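Visitor: Please take me through this model, and say what each term rests on.
Guide: Here it is; ask about the terms as they come up.

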Amino acid sequence: MRVLAAMSGGVDSAVAAARAVEAGHEVVGVHLALSTAPGALRTGSRGCCSREDADDARRAADLLGIPFYVWDFADRFKEDVIDEFVAAYAAGETPNPCLSCNEKIKFSALAERALALGFDALATGHYARLADGELRRAVDIDKDQSYVLAVLDHEQLSRAMFPIGDTPKPQIRQEAQRRGLAVANKPDSHDICFIPSGDTRAFLGARIGVRPGAVVDASSGDTLAEHDGVHGFTIGQRKGLGIEAPAADGHPRYVTGIDPDTGTVTVGTAADLEVHSITTHKAVWTSGRTPTGPVECTVQVRAHGGLASAVVTPVDGPDGPGMQIALREPLRGVARGQAAVLYLPDAVDGDQVIGCGRITGTDG
């Protein structure tokens with residue numbers, strides 16, 4: 001097969017490309033330039049898309065003996081990922097930009113160009129597995145990225161390759177070292193790739209501006225503090241609330257509600273965070289077929305954690321196909337804009353992703 005290997009400049013994508021070559025495929029490496037003003041160097045484990053990353057990817061491709069290109073997707077990335085991220089926070093949501101990047105950049109814009117150029121598949125360094133077209137968790141649960149890949153539909157998955165999903169991360173680094181790849185010990189990227197400073201609130205504030213509002217106690221309705229914009233808050237947040245005095249009972253307060261229209265941020269107890277049902281839109285069923293009735297499964301509402309057994313019913317909403325999720329046990333800190341990813345547990349072959357939806361509402 002002709003395989004386009006997306007090479008970020010990190011160890012995972014380098015080993016993924018190496019394995020594709022070793023499997024006998026005709027491989028071409030490509031690095032995506034996603035920043036309109038890339039820095040020369042990374043800041044430790046923060047950020048990506050620097051010129052250093054592009055150079056690291058090129059050196060890996062040279063070692064593997066494969067052609068290598070840099071493709072400029074900066075404008076598309078800004079429009080489909082960064083702008084969407086900012087708009088979601090301004091609307092009181094908590095988005096995961098990796099979901100949008102996979103859905104609209106890597107497995108849409110990039111995959112479409114690859115297909116137009118005659119490639120059969122797109123290989124990436126994601127920690128996930130494909131078995132008979134089914135998306136499954138990676139062997140290394142701590143590194144599993146099936147959550148941020150669950151937005152991919154059946155057609156996109158049919159053209160995807162995840163060569164490293166069957167191997168724990170420490171072994172990937174060892175393999176990179178054996179292969180002579182200079183990125184073997186390069187730090188993993190953390191946080192949001194386009195915010196290398198790690199200061200999300202400052203990044204959003206510079207783009208959204210000051211939109212004053214009040215921090216209000218859920219039980220009394222009292223105003224406890226003022227703030228500069230709802231973009232500085234997310235459901236379940238405990239620190240940085242700007243409240244001077246503790247609650248009367250001494251227990252910590254958490255953000256339990258965000259109203260972008262009035263600028264009101266509501267705070268309450270940990271118990272106030274519990275939700276028993278979730279509504280989603282933009283439903284994606286990875287098999288390509290919508291279930292005809294309720295489905296028993298496990299739902300995950302954050303990239304790391306937030307798991308509960310549930311009964312999920314497909315619904316038709318005002319924005320198209322959605323899901324109604326009834327939780328068997330309550331979850332805390334479920335925010336609008338996050339994804340609810342559905343899994344069928346499988347102890348033998350690894351949990352299978354069956355669907356995904358963007359969270360639009362919750363009920364306690």
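Visitor: What makes E10 and strand E11 a pair?
Guide: Two strands pair if DSSP finds at least two bridges between them. Five bridges join E10 to E11 (residues 264-268), so the two count as paired. They run antiparallel, and glycine 257 stands opposite threonine 266 in E11. Strands here are DSSP runs of E with at least two residues, helices runs of H or I with at least four, both numbered from the N terminus.

Visitor: Is this a predicted model, or what else should I know about its source?
Guide: The model is predicted: local features need pLDDT of at least 70 and side-chain atom pairs pLDDT 80 or more, while totals for chains, interfaces and linings use all residues. Residues are numbered from 1 along each chain as its sequence is written, and side-chain values use heavy atoms, leaving out hydrogens and water.

Visitor: Why are E9 and E10 called edge strands?
Guide: Because each pairs on one side only. The open sheet has the order E9-E8-E11-E10, with mixed pairing.

Visitor: What makes a set of residues a nonpolar core?
Guide: The residues are buried Ala, Val, Leu, Ile, Met, Phe, Trp, Tyr and Cys, joined through side-chain atoms within 4.5 Å; buried means under 20% relative accessible area with a 1.4 Å probe, protein chains only. The largest such core has 47 residues, and Phe194 is among those with the most contacts inside it. H4 gives the largest share, eight residues.

Visitor: Which residues does phenylalanine 194 touch?
Guide: Phe77, Val81, Ile82, Phe85, Pro97 and Phe203, not counting residues up to four places away in sequence; contact means heavy atoms within 4.5 Å.

Terms used
Buried means under 20% relative accessible area, exposed over 50%, partly exposed in between (1.4 Å probe, protein chains only).
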